[in-house]
Amino acid sequence: MSDLIDAFQVAGKAFFGFQAIFFALLAIGINVHFGYTGLLNFGQIAFAMLGGFGIAISVSQWGLPFWVGVLIAIGSAIVLALLLGLPTLRLRADYLAIVTIAVAEGLRLLFRSVSATPVTGGTRGLSAFNGSFIALAPWDTQKRYNILGTSWSGGELWVALIGWLIVTLFTLLVWQLMRSPWGRVVKAIREDEDAVRALGKNVYNYKMQALVLGGLIGAFGGMVYAVGTGSAIPDQYQNANTFLAYGALILGGAARVLGPVIGSMILLFILQFADTGLRALISNGAIPDTLFSSTDVAQIRFVLVGIGLMLLLVFRPQGIFGDRREVMLDAR
Amino acid sequence: MPAEPTAHGAHAAVPDETPAAAPTRESAAGRVPQRLAQAALKDLPWEVGVSKPDPAIVVDKVTRSFGGLTAVSVDHLEVQRGGITGLIGPNGAGKTTLFNLLTGFDQPNTGTWSFDGRDLGKLSPHQVARLGVVRTFQLTKALSRLTVLQNMLLGAQDQKGESFLRALLPGAWRRQEKENTEKAMDLLRRFKLDAKKDDFAGILSGGQRKLLEMARALMSDPKVVMLDEPMAGVNPALTQSLLGHVKDLREEGMTVIFVEHDMDVVRDISDWVVVMAAGRIIAEGPPESISQNKAVVDAYLGAHHDAPLTVEEEDRVLAEADAALGREDGLPPGRPGTDEISSDGSTR
């Protein structure tokens, strides 16, 4: 029993940790793209990677101040969104999907390649770029703090606090945008582009604005992740993260302001709870070694999440916050 | 839109029209319909490419081909301002393609066309719409996961809140939004959709979607309304009310161009009818001239439909008919509705 409480506490930390912030920001961006505007971005992680490496390269390689690194990260994410959007947004939705998935994988391979090693650090990545940010914390970052039975370092707490602040700001931004006439236009574009064109709206501009905004939010996710881990390694930015963020978004409810945030928190909680809980059950013999051992846990927990998502789509296709009537319109 | 305020005023005077009492608004307001365009077009010769006294849209030498197929090849066409022009023709005649070209949804291989003397040749669809030329679609495009009211508000032009930065400042667009909502509710009442304003457009019936699409187009205060088969798939009772709405547009001074297959409808409301076949305009004239026109009859029924058959041909036709009957096995012959979808898909 104490094992389960322990697992619950460890999972509780994941619920609020910087990984949940990372996925929440990725998912808020995807929500702007896919949930509201209907853009299929399958390479959100590329924006996050530019966010993380934007800071890492600026600070550890070029010796620039941390905040200049943040600006460079923002700028490069915007440039990437424009480069992705310019050729594809006039075409059907599939083309953006193809291009984004290719760019996400291509950029990661480029960053880890030998020829890029002088800049990106190659497969070993870069580190020691978050010092000046951690030093801003108003408390002692060397000490460990005990909150609700979980142990946090001062640095972790600081990153989580600022991270959730960023999540809150972007959530408010999306909320305000989506209740404005601007939001009405992008939602209409999701439904039918041609109808919106026939009503005198420049669909291409709106899609580009949405692509840039969502990519920018994803880049902030990458920044939080890089600062939280204290290192930027190309292979951390596997494109599987994009699809986990999609999972979080669908779990929470697409085209809902809080959907991606709550979805990411729950996803991370379940992953961590399954991990710790399963390990506990294996170590005290509740699960026999012949079934599976603790080395399989990392894979099994994703199986559990997959089953959970399947059950969700069967019984609650609109996600936690979604409107069932709205989702069912598609089924007609 | 000089005629617009009076039309709204007339409507506001009778806020709760009952369906039976007010088939059209001009009768409710005690106005006599003024068919100015009809009078203006009375003395024109019934020939293709004839010039109109006051053309709103002028089309010159527009061609569009898809591979080897010439979908549209229009030498000269003028559309009278303030009138209802019906565009008819057999399936695959190029009517929808011509619509797409005129509204910027498709680019022609050659040719020019203008609206109020302004060249529309290189404009994209939203630029054409901003000039006041709005269209509806053959396959209705209701925006399913937006409410009926949101659909309507989308039609309003020059909205401050539609720019990204101003969207963040509700004070900048709230008043305009309120005005637009009032205007939208007026239109919804007129189209009898006001009770459904908070429903998703996706749950409306086919006929209600047609009404919504037309009402949404009117939100932009258009000068020209182009309706692609407004009556297709609408039940006869609703057809009457849609017809009334189309006639209202003319009374408000708008120019209406519509594609339709139902000849009764075309005869009822058109001031002028343009007939297309195989991409060309084969006849023009007032509605009553069309059924007598030999080119039109040929286009619809085939050029040799009344020529006597030789004995061999008759035998061949009979044998084909027998074979067809044998194949059919209860399958109904291709109905116009099903033909339509396939022909449209191929011409798009």
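**Exercise 1.** Determine how much area chain B exposes and what share carbon and sulfur atoms supply.

*Solution.* In this predicted model, chain B exposes about 16,200 Å², an area from the Shrake-Rupley method with a 1.4 Å probe. Carbon and sulfur atoms supply 55% of that area. Next, burial: of the 348 residues in chain B, 48% are buried, that is, under 20% relative accessible area. Residues are numbered from 1 along each chain as its sequence is written, and chains are lettered from A in the order in which they are written.

**Exercise 2.** Describe how helix 2 and helix 9 of chain A cross and which residues meet.

*Solution.* Two packed helices are described by the angle and the distance between their axes. Helix 2 (residues 18-37) and helix 9 (residues 181-191) of chain A have axes that come within 7 Å and cross at roughly 65°; helices are DSSP runs of H or I with at least four residues. From helix 2, A:Phe34, A:Gly35, A:Tyr36 and A:Thr37 meet A:Val186, A:Lys187, A:Ile189 and A:Arg190 of helix 9, contact being heavy atoms within 4.5 Å. By class, this contact has 4 nonpolar, 2 polar and 2 charged residues, with Gly counted as polar.

**Exercise 3.** Locate A:Leu304 and classify its accessibility.

*Solution.* A:Leu304 lies in helix 14 (residues 297-315) of chain A. Its relative accessibility is 41%, so A:Leu304 counts as partly exposed, the class between buried and exposed, the latter being over 50%.

Methods. Predicted model: local features only at pLDDT ≥ 70, side-chain atom pairs only at ≥ 80, totals over all residues. Heavy atoms only, no water. Helix = DSSP H or I, 4+ residues; strand = E, 2+ residues; numbered from the N terminus. Buried < 20%, exposed > 50% of the residue type's maximum accessible area, 1.4 Å probe, protein only. Axes fitted to C-alpha atoms, helices over the stretch in contact; angles between N-to-C directions.
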